[in-house]
Amino acid sequence: MIIGSIYIFCFLGQKKNSQQQEAKALKNGDLFSAWNYDGKIAFEDIIKATEDFDIRYCIGTGGYGSVYKAQLPTGKVVALKKLHRLEAEEPVFDECFRNEAKMLTEIRHKNIVKLHGFCLHERSMFLIYQYMERGSLLCALGSDVLAVELDWSKRVNIIKDIAFALSYLHHDCNPPILHRDVSSSNILLNSELEAFVSDFGTARFLYPNSSNQTVLAGTQGYIAPELAYTMAVDEKCDVYSFGVVALETMMGRHPGELLSSLTRPWDQDMMLKDVLDQRPSPPGNRLLDQDVVLVVILALACLRSDPKLRPTMQNVCRELLVRRPPLSISLHAISLRHLMNQEIYRVDQN
């Protein structure tokens, strides 16, 4: 059974006669046997596992919902994203919630958080996700203990995970899917510190014969600058957001101040070693130095003000997989000007 391909509908008070099962299976209400269980029983399991969404099980709160950790009768641990009661009455939040459920039932990728099921009932709306033990990338970077554990090899792999997921959305889905809210708070980490893209509430399809005009969406500090004067979105908006997250992962903090300063030529002489997060040990070998330098080069390319000059996510993935010659100069001698001008490695736009 492929867990990622399963989703459920939980309907209060409804029975599906076509799904006759053994009593044991119904009693357990195993969410991971979604095609052959009674939805009402599973709903009751959720209520019991969280004691009707008691605050003790809450592990996070967002703009329109809270996240709960629940252990099911089968022993499986899941995360539940529950829409707040008041927000459930607002059409915009209701639409985002239903949109997330729809999107995640249609996409499958190892670096996109798995949706195990959902309940869309007027009395209780929640999404049932794969549980991520290490929380968000934002929280990990904000913790001095976790920041040390996030060594340079792990950080480079996190960037690769995010890039592969976004490339899948942009280039392997038909029609392409724009995430529209790529940020460090929407990147989740499992116990192995592998990264997963989450929160598809504002995601949308990119139709080729449409103007793709839309309302502004995203997290402040990650939104592409062109959206200040146009409501037409395309995949290059996600590319910009990815660039912010990639640079944030390398710096250990949001790069907002750095991005502002890079418009001034004299600030481009800043050394890369002074920009990188000081908490983990230095990379330590030339191969890892190469990877760190390449990630920063790609991040800066993704952050170009002209969307046409940004690489596609497919190209970013290609560049991350190319074997390159050793660095010709020491990591300590590399400035941001070197990287912005691609004097170390050159990457293609398309």
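Tutor: Quick bit of groundwork: axes are lines fitted to C-alpha atoms, and angles run from 0 to 180 degrees between N-to-C directions. Keep in mind that this is a predicted model.

Student: Okay, so why are H11 and H12 called roughly antiparallel to each other?

Tutor: The axes of H11 (residues 286-302) and H12 (residues 313-321) cross at roughly 165 degrees, coming within 11 Å. Angles over 145 count as roughly antiparallel, and therefore H11 and H12 get that label. As for handedness, the crossing of H11 and H12 is right-handed.

Student: What makes the contact between H11 and H12, residue by residue?

Tutor: On the H11 side you have Leu294, Val295, Leu298 and Cys302, and H12 brings Val316, Glu319 and Leu320. By class, that contact has six nonpolar residues, one charged and no polar. Glu counts as charged, while Leu, Val and Cys count as nonpolar.

Student: Moving to the sheet, how do you know that S8 and S9 pair?

Tutor: Pairing needs at least two bridges between the strands, and S8 (residues 187-189) and S9 have three, in the antiparallel sense. One of the partnerships joins Leu189 to Ala195 in S9.

Student: And what makes S6 and S9 edge strands?

Tutor: Each of them, S6 (135-136) and S9 (195-197), pairs on one side only. The open sheet has three strands in the order S6-S8-S9, with antiparallel pairing.

Student: Which helix packs on that sheet, and which strands does that helix touch?

Tutor: Helix H7 (residues 152-172) does, touching S8 and S9. The direction of H7 makes about 30 degrees with that of S9. Angles under 35 degrees count as roughly parallel, so H7 and S9 run roughly parallel.

Technical notes. Residues are numbered from 1 along each chain as its sequence is written. This is a predicted model: local features need pLDDT of at least 70, side-chain atom pairs count only at pLDDT 80 or more; totals for chains, interfaces and linings use all residues. Side-chain values use heavy atoms; hydrogens and water are left out. Helices (H or I, at least four residues) and strands (E, at least two) are DSSP runs, numbered from the N terminus. Contact means heavy atoms within 4.5 Å. Angles under 35 degrees count as roughly parallel, over 145 as roughly antiparallel, 65 to 115 as roughly perpendicular and the rest as oblique. A crossing is left-handed if the near helix is turned anticlockwise from the far one by less than a right angle, and right-handed if clockwise.
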